[in-house]
Structures are given as structure tokens and as C-alpha cells.
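Q: I would like a close look at a single part of this model, taken slowly and with its surroundings in view.

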Amino acid sequence: MPEQTRIRVPANEGRSFRVRAGEILTIVDIEGRQIGDLVFFSAADPHERLSTSCTRARCGRLQVREGDPLFSTRGRPMATIVEDRVGAHDIVSHPCDKGRYELDFHVIGHPSCTENLVGALREIGLEDWWLPDPFNVFMNTVFLEDGRYFTEAAISRAGDRIVMRAEMDLIGALSACPQDLYPANGYRITDLEVIVGDTNEHMGQR
Ligand SMILES: [Zn+2]
């Protein structure tokens with residue numbers, strides 16, 4: 001059995017992790033309909049971070065698909081999506097934050113992806129200003145012809161996963177998005193799982 005590290009990301013919380021170049025990273029939506037806000041940093045130099053704007057430009061699309069790389073602020077591939085059977089992930093939205101809950105939903109003290117990611121990254125020595133816009137796995141963003149876009153309930157089902165291959169040594173962080181005030185997570189916040197290392201199903205894709 002290949003070596004694996006499994007990290008449970010509890011509902012409403014965030015966790016950080018490391019992935020070596022060439023390793024497989026899998027994010028599992030354990031119960032379904034749960035968005036995860038995912039960020040990457042180069043482990044060699046964390047000034048180099050995920051850039052969803054560079055990813056959009058280089059892929060020429062507002063959404064990513066199987067085979068697409070996720071690019072860094074220096075225009076280099078950080079990870080490549082090697083398996084995706086869900087087909088609905090987001091590279092246009094910012095992580096939910098305190099301000100969004102206070103201003104838009106009038107809720108004080110609601111947990112947020114920004115706080116979850118900042119907290120997880122602080123544990124490995126990265127401060128809050130480092131936080132890039134995330135790759136929002138399982139987030140179902142819908143685009144209209146007139147240019148507007150909005151978020152609908154996630155379509156991921158229990159056990160669905162997105163699988164990536166690290167293209168450089170990475171520091172990562174994932175937040176199980178606490179947004180329970182609109183339908184994005186089906187009004188029910190649940191755990192995610194991070195698996196670092198090959199799983200048998202993906203060995204053939206290396
Ligand atoms: Zn969120």
C-alpha cells in the first residue's frame with residue numbers, strides 16, 4: 001500500500017499540510033455538497049503563491065477542468081488536476097470573510113474561510129497578508145451570458161473527490177467553508193478530507 005497522509009478538515013475549520021513535487025493530493029467531500037477553499041504556496045519560497053487570475057488567463061476559461069494546471073503568481077504550474085468527476089469548482093471567488101457575514105448577512109462572529117486559512121497558515125509561519133484568493137473546490141459557480149455569475153448549491157455527492165499532482169513542493173491549506181446562510185453548501189456544513197500520497201485508483205495516472 002503506498003504511503004499516505006490523511007488529514008480530516010472538520011466542518012467550519014481549516015488545516016494546513018505539505019505536498020512534495022510529484023505527489024498526489026486528493027480532496028474528498030465526505031458527505032457531499034461541501035465547498036473547500038484551497039490555497040497553495042511554494043515551499044521553497046512562499047512569496048510564490050497560487051494565482052487564480054493567472055490560472056484563468058493561462059487556461060483561457062473561468063473554470064478549470066481535468067488536465068488543467070493551477071498557476072502561481074510567477075506563472076508556474078503549482079499543481080495539475082489529474083482527476084475530476086464533479087466538474088464544478090470555482091476560480092473566481094474570494095474566500096468568505098468576517099465582512100461578508102457582517103455586512104451581507106448581519107451576523108457577528110460567524111466563522112469564515114479567511115479566518116480558517118489564516119489560522120491554519122499561521123501554524124506554519126505564514127501571516128495573514130500572504131493569503132491568496134483560493135481555488136474553491138466543489139463550489140458551483142454559474143455564469144450567465146450577460147457576464148454575471150452566482151453560486152448555486154454544490155453538486156458534489158458523498159465521497160466525491162478532486163485529485164491533483166503537485167508540480168513543486170507545496171505548502172497547502174484547506175478550509176471547510178462555513179457558509180450556511182445561502183445554499184452554496186446545502187445549508188449543512190460537513191467535514192472534508194485531505195489525502196497526500198497516491199491512492200490505488202490514481203496510480204495509473206502518474
Ligand atoms: Zn467560505
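How many residues lie between β5 and β6 in the hairpin that they form, and which residue in the turn has a positive phi?

A: In this predicted model, the hairpin of β5 and β6 has 5 residues between its two strands, and Gly-75, which lies in the turn, has a positive phi of about 75 degrees. The two arms pair in the antiparallel sense over 3 bridges, and one of the bridge partners can be named, since Phe-71 is matched with Pro-77 in β6.

On its other side, β6, which covers residues 77–84, is joined by 5 bridges to β10, residues 160–166, and these two strands also run antiparallel. Along this pairing, Thr-80 stands opposite Arg-165 in β10, while Glu-83 stands opposite Val-163 in that strand.

The hairpin thereby takes its place in an open sheet of 6 strands, whose order is β1-β12-β3-β10-β6-β5 and whose pairing is antiparallel. Within this order β5 (69–71) stands at one edge and β1 (5–9) at the other, each with a single partner strand, so one side of each of these two strands has no neighbour in the sheet. Averaged over the sheet, neighbouring strands are turned by 25 degrees against each other when direction is ignored. As a general point on reading such strands, the side chains of a regular strand alternate between the two faces of the sheet.

How values were computed:
Residues numbered from 1 in each chain as written. Predicted model: local features only at pLDDT ≥ 70, side-chain atom pairs only at ≥ 80, totals over all residues. Pairing = 2+ DSSP bridges. Helix = DSSP H or I, 4+ residues; strand = E, 2+ residues; numbered from the N terminus. Axes fitted to C-alpha atoms, helices over the stretch in contact; angles between N-to-C directions.
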